Protein chains: 2
Amino acid sequence: MNRQQIIISPIGIIHTPHNDINNMPIQPIAAKDIRGHIELYPEYEEGLTDLEGFSHITLLYHFHKIQGYRLMVKPFMDDREHGIFSCKAPKRPNAIGTSTVKLISIEKNIVNIEMVDMLNGTPLLDIKPFFPKYDNRIDAKAGWFDKTVSIPVEKMRSDERFRK
Amino acid sequence: MNRQQIIISPIGIIHTPHNDINNMPIQPIAAKDIRGHIELYPEYEEGLTDLEGFSHITLLYHFHKIQGYRLMVKPFMDDREHGIFSCKAPKRPNAIGTSTVKLISIEKNIVNIEMVDMLNGTPLLDIKPFFPKYDNRIDAKAGWFDKTVSIPVEKMRSDERFRK
């Protein structure tokens with residue numbers, strides 16, 4: 001059984017207007033007009049070649065303010081508990097988040113983005129281009145969420161529940 | 001500047017029919033009928049609660065056979081070089097892959113899936129539910145790919161290029 005640990009090093013920092021984990025947008029589509037930028041560490045700048053031209057990119061990042069994890073959580077979108085793997089809540093066994101944001105422009109190692117729903121200062125782990133032909137799942141079904149959530153996500157904000 | 005390292009521990013293993021990095025499907029949609037299963041380590045089983053009911057899940061995993069990285073690569077889908085962050089090629093600064101696969105069924109800590117495009121024995125890092133309302137980007141544009149790639153991805157297979 002392979003249980004070896006994997007060491008990950010951030011490739012940059014995500015700068016956003018969100019300085020506190022309370023009262024944040026809880027999904028990129030709830031952050032439509034909110035701008036931020038990626039400061040990619042200069043040694044990785046060449047890797048951005050040809051990224052301009054993609055309208056959306058998926059960021060992988062570290063939930064760096066989260067301590068430990070829970071297997072059952074009340075996500076922001078419901079008042080009942082669900083398993084952590086049926087939620088995107090940050091308090092997960094590996095504290096990695098993903099957000100597909102809008103790419104605005106690139107200047108050297110700075111990538112300007114929109115739809116930012118992560119904390120200011122978040123360590124960036126990877127940038128992946130979004131390919132609509134491969135990455136959309138138009139006919140997907142979303143279990144507990146389809147059955148119970150009626151408030152539009154655009155109106156929801158985070159709170160204190162995952163601070164400790 | 002926060003350049004601290006982050007330690008990640010696999011939460012399970014992905015079992016697939018792909019035993020060699022050569023001649024694999026290069027995207028989940030190129031692996032439509034190919035089945036596999038996740039063996040989640042038993043201590044995380046409770047975290048699967050309510051996942052059944054989602055038709056698709058996004059897996060984060062470790063490209064465990066990849067050594068080192070390149071900033072410019074020729075992806076499987078093109079014969080020209082592009083920056084690593086404008087491709088999904090595995091030889092990236094942090095060797096983390098993502099695939100949105102079809103969820104078939106769950107039996108205790110075993111999650112049966114379809115559309116598997118990763119190597120047999122791949123260490124699993126996270127499972128995230130796919131929310132069509134939040135995760136689709138219908139009107140996205142895909143830069144170099146839209147301009148140059150005409151072969152359907154379903155017909156493409158991986159080769160030896162990232163083995164060393």
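Two residues are taken to be in contact if their C-beta atoms, placed from the backbone, lie within 7 Å. In the predicted model described here, this criterion places Ile57(B) in contact with Leu51(B), Val101(B), Leu103(B), Ile127(B), Lys128(B), Pro129(B) and Phe130(B), when its neighbours within four places in sequence are left aside. Ile57(B) also belongs to the largest nonpolar core, which has 89 residues, and it is listed there among the residues with the most contacts inside that core, together with Leu59(B), Leu125(B), Ile57(A), Leu59(A) and Leu125(A). In soluble globular proteins, nonpolar side chains tend to be buried together.

Within chain A, 6 strands close into a barrel, and their order around it is 2-3-8-7-4-9, with antiparallel pairing. On average, neighbouring strands of this sheet are turned by 45 degrees against each other, if direction is ignored. Strand 8 of chain A, which covers residues 110-114, pairs in the antiparallel sense with strand 3 of chain A, residues 35-40, over 5 bridges. In this pairing Gly36(A) has Ile113(A) as its bridge partner, while Arg35(A) has Glu114(A). Strand 8 of chain A is also joined by 5 bridges to strand 7 of chain A, residues 96-107, and these two strands again run antiparallel. Here Ile113(A) stands opposite Leu103(A). The hairpin formed by strands 7 and 8 of chain A has 2 residues between the strands, and in it Lys108(A) takes a positive phi near 55 degrees.

In a regular strand the side chains alternate between the two faces of the sheet. For strand 8 of chain A, the covered face holds Val111(A) and Ile113(A), whereas Ile110(A), Asn112(A) and Glu114(A) are on the uncovered face.

The relation between the two chains was examined next. Two copies of a chain are related by a rotation about an axis and a shift along it. In this model, chain B is superposed on chain A by a rotation of 180 degrees with 0.0 Å of shift along the axis, at an RMSD of 0.0 Å. That is the relation of a two-fold axis. The contact between the chains takes 61 residues from chain B and 61 residues from chain A. On the side of chain B that touches chain A, at least two residues each are supplied by several elements, including strand 1 (6-8), strand 4 (56-62), strand 7 (96-107) and helix 1 (132-135) of chain B. The largest share of that side, 6 residues, comes from strand 9 of chain B. By residue type, the same side of chain B divides into 33 nonpolar, 18 polar and 10 charged residues. Because 100% of the interface residues of chain B are also interface residues in chain A, the copies meet through the same surface. Strand pairing also crosses between the chains, since strand 1 of chain A (residues 6-8) is joined by 3 bridges to strand 1 of chain B, and the two run antiparallel. In this pairing, Ile8(A) stands opposite Ile6(B).

A final position considered is Phe162(B), which lies in the segment after helix 2 (143-148) of chain B. Phe162(B) counts as buried because it has 21 C-beta neighbours inside 10 Å, where the cut-off for a buried residue is 20 or more. Not counting residues up to four places away in sequence, Phe162(B) touches Ile21(B), Ile66(B), Ala89(B), Pro90(B) and Lys91(B). Although Phe162(B) and Gln67(B) are 95 residues apart along the chain, their C-alpha atoms are separated by 8.7 Å.

How values were computed
Residues are numbered from 1 along each chain as its sequence is written. Chains are lettered from A and ligands numbered from 1 in the order in which they are written. This is a predicted model: local features need pLDDT of at least 70, side-chain atom pairs count only at pLDDT 80 or more; totals for chains, interfaces and linings use all residues. A nonpolar core is a set of buried Ala, Val, Leu, Ile, Met, Phe, Trp, Tyr and Cys residues joined through C-beta atoms within 7 Å. A residue is buried if 20 or more other C-beta atoms lie within 10 Å of its own, exposed if 12 or fewer, and partly exposed in between; C-beta atoms are placed from the backbone. Two strands pair if DSSP finds at least two bridges between them. Helices (H or I, at least four residues) and strands (E, at least two) are DSSP runs, numbered from the N terminus. Axes are lines fitted to C-alpha atoms, for helices over the stretch in contact, and angles run from 0 to 180 degrees between N-to-C directions. Copies are superposed by least squares on the C-alpha atoms of residues with pLDDT of at least 70 in both. Ala, Val, Leu, Ile, Met, Phe, Trp, Tyr, Cys and Pro count as nonpolar, Asp, Glu, Lys and Arg as charged, and the others, Gly among them, as polar.
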